[in-house]
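Reader: I am new to reading protein models. Could we go through this one by question and answer?

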Amino acid sequence: METYRLSNFPPGYSTVHIALFRNVVNAPDIRKKLILASTMGGDDGERARQAVDFGFIEARLLVSRMHLLIGIMTTLQTCLQPSNPSISSSKDTTTPTPESTNATPVPNENARLSTRPITRTHNLHSEILLTLSSNNNISESLRRHGMSDTTDELVVVRIADADSSEEAVWKEMELLVDGQLVNLGELDSDELVDWPRVSKIFKLSELDRLPLTPLEIRDTKIATVINTVAIKHVT
Amino acid sequence: MTISASHHLLDQAMLIKQGAEAKVYSLDSLLPQPTIYWPPSGPSKPSSTAQIQQTTAPKCSVILKYRFKKQYRHPALDLSLTRSRLAFEARALARCTRAGVVVPHVMWVDDRNGVIGMERIDGWSVREVLGGGAEGEMTVEEEDEEEIGEMEMERSKDQVDSINADETESEGWTALRSKGVTKEHLMTSIGRAIAKLHGTAIIHGDLTTSNMMVRFTPNGSEPYEIVLIDFGLSSTATLPEHYAVDLYVLERAFASTHPQSEGLYAGVLAAYAEGLGEKKWRPIQTKLKEVRLRGRKRDMTG
């Protein structure tokens, strides 16, 4: 599991835990839990939702690790704009005192903590799926890039606050996913990618006609997909 | 004060260029180095192969281009201009990549704050490679690469003798030459790159030798590739006129920054014509002659 601590985002959402699981065998179970959690009411429902509060991403449609990372960065960046800079501009940017740093939000940072993500979907995790999608159809993005019953290669993402510890998040993941945790770098290996589907979704077939070597074509395809994700919100 | 994620990045980055429209920053990594957590025990212990595999963070050094707020413009107009220009630049880059034109990848687009992040190209600009301009011998149109190579050697010896401000030239050019690349070859690559770009109906708007980078390609079919950068002035073209003006700008750039290598520009045009095909090249050629007579100023069609 890789953990990125992105100090440039508000501390409430600045930690990203990412794990790649291969040979996942319980995708239908996870899906059932997700659906159950979303329909339950009361405290039980709240707890159930906490337990499955992850982004589940179909890894076969990710062409490289960069693709995933840029998708997450773009999502955070678009959803976590400081709401109204002019109002809070009277406050000074007090840098946290050295003693109180270590990822603990200091009182003065409350303003930044209060930045609520502005999402088009239910939460930041589902917003990642929408960012990864080639269009703006939410249900389609969930179907395609989210988990399906047949998913066996799965990326699990948790966007958490600056305090969240790797171990705790891993414990939660471990409870949910029955698969083999592997190095995230394996996303860069070709065997994981379902190229025919990726080509169809991102309309890459025209790239095959370029007068380039197969390796160059593959790189161009990867670059094209990453660009599509990076410029998603300005197209 | 709440400041945007983009401004945080800019704070960490190093200013490398300041223009009237934008500031350009360089940042070693868009993402911090991740911490890796392997569960100490449990059913899903990592296989040995996964452990052997070195986990290095993906290479993501970026160039951040920040279109800062212009005090002389009304804030609303400023925001909308910044956003539309930035969006166009990002889309142009994406379209180029899709068409197989080698340009930097887009990695970060924050239109509200006017920041675009692009892959940093490791290499030299063509301007650096050509350095203080080639000496007169370069007009020779020999195809014998060895002979040219020899002349290059002589030339660089001369340069070592003369206290010329050519030390940048030696670095990029020496590296290229060691791979057997001639200046003619370089010009051909430039011509091809521009032809590819124009094939997508995008014009660059500011084609100069500083806006072209030379990068080695270890896996490529050629030892190096030309990367076109800075699409801040790009636009879509409809008429041969537009392409001709684009070419003319480069021609002038060659003439002024590399006065000795003007002869080389013919090589760029020849490769361009070949890359674009006779049918498309004809009208552009005619227009280019017209543009040469009247200067680069924009078309008078509207």
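Author: Start with a definition: helices and strands are DSSP runs, numbered from the N terminus. Helices need at least four residues and strands at least two. Keep in mind that this is a predicted model.

Reader: Where is A:Lys203 placed?
Author: Use those numbered elements. A:Lys203 has a positive phi, near 50 degrees, and is not a glycine. Its place in chain A is the loop between H9 and H10.

Reader: Is A:Lys203 buried or exposed?
Author: The cut-off for exposed is over 50% relative accessible area. A:Lys203 has 57% relative accessibility, so it counts as exposed.

Reader: How do H9(A) and H10(A) lie to each other: parallel, perpendicular or oblique?
Author: H9 covers residues 195–202 of chain A, and H10 covers residues 214–230. Their axes are 11 Å apart, and the helices pack at about 50 degrees. Angles under 35 degrees count as roughly parallel, and 65 to 115 as roughly perpendicular. The angle here therefore makes H9(A) to H10(A) oblique.

Reader: Is the crossing of H9(A) and H10(A) left-handed or right-handed?
Author: Look at the two helices where they cross. The crossing of H9(A) and H10(A) is left-handed.

Reader: How many nonpolar residues are in the contact of H9(A) with H10(A)?
Author: H9(A) brings A:Trp195, A:Val198, A:Ser199 and A:Phe202. H10(A) brings A:Arg218, A:Lys221, A:Ile222, A:Val225 and A:Thr228. By class, 2 are polar, 2 are charged, and the nonpolar ones number 5.

Reader: Is A:Asn8 buried or exposed?
Author: A:Asn8 sits in the loop between strand S1 (2–5) and strand S2 (15–22) of chain A. Buried means under 20% relative accessible area. A:Asn8 has 5%, so it is buried.

Reader: Which residues does A:Asn8 touch?
Author: Leave out residues up to four places away in sequence. A:Asn8 then touches residues of chain B: B:Ala5, B:His8, B:Leu9 and B:Trp108.

Reader: What is the bridge partner of B:Trp108 in S6(B)?
Author: S5(B) and strand S6 (residues 115–119) of chain B run antiparallel, joined by 4 bridges. In S6(B), the partner of B:Trp108 is B:Gly117.

Reader: Which are the edge strands of the sheet S1-S2-S4-S6-S5 in chain B?
Author: This open sheet has 5 strands, with antiparallel pairing. An edge strand pairs on one side only. The edge strands are S1 (14–18) and S5 (106–110).

Reader: Which helix packs on that sheet?
Author: The sheet twists by an average of 20 degrees from one strand to the next. The helix touches strand S4 (62–66), S5 and S6 of chain B. Its direction makes about 20 degrees with that of S6(B). It is helix H3 (residues 75–98) of chain B.

Reader: Why do S7 and S10 of chain B each have one side without a neighbour in the sheet?
Author: The open sheet has the order S7-S9-S10, with antiparallel pairing. S7 (124–125) and S10 (224–228) stand at the edges, so one side of each lacks a neighbour there. The reason is that each has a single partner strand.

Reader: Which residue in S10(B) is the bridge partner of B:Val214?
Author: Strand S9 (residues 212–216) of chain B runs antiparallel to S10(B), with 5 bridges joining them. The partner of B:Val214 is B:Ile226.

Reader: At what angle does H7 of chain B run to S10(B)?
Author: H7 covers residues 183–199. This helix lies across S9 and S10 of chain B. Its angle to S10(B) is about 45 degrees.

Reader: Is B:Ala201 buried, exposed or partly exposed?
Author: B:Ala201 is in the loop between H7 and strand S8 (202–203) of chain B. Its phi is positive, about 65 degrees, although it is not a glycine. Its relative accessible area is 24%, so B:Ala201 is partly exposed.

Reader: How many charged residues are in the contact of H8(B) with H10(B)?
Author: The axes of H8 (residues 240–257) and H10 (residues 278–294) of chain B come within 8 Å and cross at roughly 55 degrees. H8(B) passes H10(B) in a right-handed crossing. By class, the contact has 11 nonpolar residues and no polar ones; the charged ones number 5.

Notes. Residues numbered from 1 in each chain as written. Chains lettered and ligands numbered in written order. Predicted model: local features only at pLDDT ≥ 70, side-chain atom pairs only at ≥ 80, totals over all residues. Heavy atoms only, no water. Pairing = 2+ DSSP bridges. Contact = heavy atoms within 4.5 Å. Axes fitted to C-alpha atoms, helices over the stretch in contact; angles between N-to-C directions. Left-handed = near helix turned anticlockwise from the far one by under 90°. Nonpolar A, V, L, I, M, F, W, Y, C, P; charged D, E, K, R; others polar. Buried < 20%, exposed > 50% of the residue type's maximum accessible area, 1.4 Å probe, protein only. Parallel < 35°, antiparallel > 145°, perpendicular 65-115°, else oblique.
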